[in-house]
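I opened this structure to look up how two of its helices pack and where some of its charged side chains pair. My entries follow in the order I made them.

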Amino acid sequence: MKKFELKKVTAVILAASMMLGLSGCGKKKEKETTESVVTTEATTATEEPTEEVHSGEATLDRTFVDMKFASKDNEEFNKFLDDYFKEAVTADTLSYNYLVKDGSKFGVEPPVATVGDADLSEDAFKKEKEETEKKLDELHKFKDAKLTEAQYIDYLWLESSLEDNLYTYEYRQFYEPFSYMRGFQGNIGTNLTHYRFDDKKDVEDYIAVLGQIPGYVQSMIDFENEKAAAGFMMSDENIDAVIEQCDEFLANEGDEHFLITCFNDNLDKVDFLTDAEKEDFKKKDAEAVKKYILPTFHNIKDSMAKLKGTGKNDSGMCGYGDEGIEYYKHLLKVYTGSEKTPEEMIDDLETRQKKAISALGVLVTVNPDAYSYFSENYDTLFDAEKDKEPREMIDGLMNDYMAQYPRMNKINYDVDYLPKSLEEVMGSTLAYYMSPAIDDQDHNIIRVNGKNTDTLWNTLAHEGCPGHMYQNAYFMSTNPHPVRSLGNELGYMEGWAVYSSYEAMYLYDFGGSEYKKELGKISVINESLGYLLYGRIDLGVNYEGWTVEDVSDYMTSSGFGSDGVEEIFKIVKGDPAVYLSYSMGYYEMLEQREKAEDYLGDKFDPIAFHKVVLDAGPVKYDVLTKVVDKYIIEKQ
């Protein structure tokens, strides 16, 4: 989870005008610019557990109700999925190591040590597109086949994934291997420090992979030079961010570099090597880091510095014209899982913001003492947790906040602080969760940045339970096909983590405060306003063409002030649509619950609802809608 810094809710928000009528290069609808947001229509200040309630007008999708699913697996379809999984999991050594512990269980052998194919040439993209089209054609042979419900969800998930890939190949010029949040330079450290050593070959493969990284990265640099010549280079501000990340990585180039110290620590824990072998591998690793990895980061830094001034677009994606707008629409679907158009997302976020502020206004009116307590004690609301270790917090969340979720066996996990040498390198990260190999479910990993612990309880609810770790562990307990481990449906995953962490916040004790119920509601509104802000700015910058000044005006009018405007602008421009996986992902998830509550009334059971959502696993929201609507229809 990346650091998400915004000021606390203040009284000024209650009197703020809503979105300014900002002009831009997207297809923006006309709208009012001075609408008052403090109303008395938000009755949800006394509702649990959501911020607002839908009207029950949604039309239910009967697709899964009317389909006649098979009672047994279609073995031919399973074989197709098996083959697809085997090909994907053996594409590179890091992916294999992350996804499986014992490949023989899946009929695969570890690949020869390889960092993978980084060919970003036009011919390579064309070849990938042709291969993806072939896979999609093969998948479509099962379109009318008799499948179980779980298999049909797998079918829809894979179809969507392949179609997303095809679309990406059409817009090769917008691919960014060095983006701020998801780029190579920001993530390779985590990937390498969490490489798992199960036997001697794993250690040998790891060191071999280090030697291949310079060539792998050079292909990316060559691609950046090609993009620069064609006018698609990132802005100078984003280049500076990449250079800064490289500087953080290179802060210590001696034997105390984190890749060396982490490798040594990990190797000391294994029992399949002699002491002499360990020392030999430690020496080889240190040599490889200094010979291959550190020079590679210098190469990234120097190459990007030379490309400063070549970027021709200082705006968001819409600054690239119609192609940029179309690609941004594609990114919205990929990262949010939503079928909504940009205009619909804007309307949704603005409406949600109005209702959240209105609900806050009602809370202030009904119980001003609770709001005063929140404002005066904002920095100490979670002080009851400050002396607890992360494991104690996660165990507490597991024991005290899971009553409304389906039960499952104990989740085994490893939680610890990041090594000191990584705290600055991952300075923008609060904590993160890494799912275990699919055949080794007892090794969930959570890492916490010791420099960012002010909101650790909230963060661990998001990363641990009932958030990411619980969601993944539960889904894996349903024994899904291994192919589903290849998915990365951020809209669902981040939507669930935000939604479930808010559910925990509603129940938090706040040190036994007499206002604990109100404090939970205000805290959720406060956090959701931050996500709404980032999401709306992302759409404003990348779809409507907002400038830095426009973003500043919007933030000020929304009651947040203008601190950090340039940083926010840089982030949403450098990684368009990524933050919307949190905001739109959450509201899409919440929308499913609101709908179920509206239709079912007293028949609504949160455990049953959560089971339906979790059983489906990470999918786009059009698929989750079909699953949830079936549950509603059958429950009515």
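Entry 1, a helix pair. I began with handedness, and the crossing of helix 9 and helix 11 is left-handed. I note here that the model is a predicted one. Helix 9 covers residues 236-249 and helix 11 covers residues 275-306; I find that their axes come within 9 Å and cross at roughly 160°. Since angles over 145 degrees count as roughly antiparallel, I put helix 9 down as roughly antiparallel to helix 11.

Next I asked which residues of helix 9 meet helix 11. On the helix 9 side I list I239, V242, I243, C246, D247 and F249. Their counterparts in helix 11 are I293, L294, F297, I300, K301, M304 and A305. Sorted by kind, the residues of this contact come out as eleven nonpolar, two charged and no polar.

Entry 2, salt bridges. I looked up how many salt bridges the structure holds, and the count is 39. Side chains of opposite charge can pair when their charged atoms come close. I went through three of the bridges one by one.

Entry 3, K201 and D205. These two form a salt bridge in which the closest N and O atoms are 2.5 Å apart. Both residues belong to helix 8 (residues 200-230), and they sit four residues apart, about one turn of the helix. I then checked whether each partner is buried or exposed. K201 is partly exposed, because its relative accessibility is 36%. D205 has a relative accessible area of 10%, so I record D205 as buried.

Entry 4, K284 and D280. I turned back to helix 11, where K284 and D280 are four residues apart and therefore separated by about one helical turn. Their salt bridge has its closest N and O atoms 3.3 Å apart. K284 has 38% relative accessibility and counts as partly exposed. D280, at 36%, also counts as partly exposed.

Entry 5, E489 and K620. The side chains of this pair meet in a salt bridge of 3.3 Å, N to O. I asked where the two residues lie. E489 is in the loop between helix 18 (468-477) and helix 19 (490-507), while K620 is in the loop between helix 24 (606-616) and helix 25 (621-635), so the pair ties together parts 131 residues apart in sequence. I find both E489 and K620 buried. I also traced shared partners here: salt bridges join D164, E489 and K620 into one network.

Definitions and conventions. Residues are numbered from 1 along each chain as its sequence is written. This is a predicted model: local features need pLDDT of at least 70, side-chain atom pairs count only at pLDDT 80 or more; totals for chains, interfaces and linings use all residues. Side-chain values use heavy atoms; hydrogens and water are left out. Axes are lines fitted to C-alpha atoms, for helices over the stretch in contact, and angles run from 0 to 180 degrees between N-to-C directions. Angles under 35 degrees count as roughly parallel, over 145 as roughly antiparallel, 65 to 115 as roughly perpendicular and the rest as oblique. A crossing is left-handed if the near helix is turned anticlockwise from the far one by less than a right angle, and right-handed if clockwise. Contact means heavy atoms within 4.5 Å. Ala, Val, Leu, Ile, Met, Phe, Trp, Tyr, Cys and Pro count as nonpolar, Asp, Glu, Lys and Arg as charged, and the others, Gly among them, as polar. A salt bridge is a side-chain nitrogen of Lys or Arg within 4 Å of a carboxyl oxygen of Asp or Glu. Buried means under 20% relative accessible area, exposed over 50%, partly exposed in between (1.4 Å probe, protein chains only).
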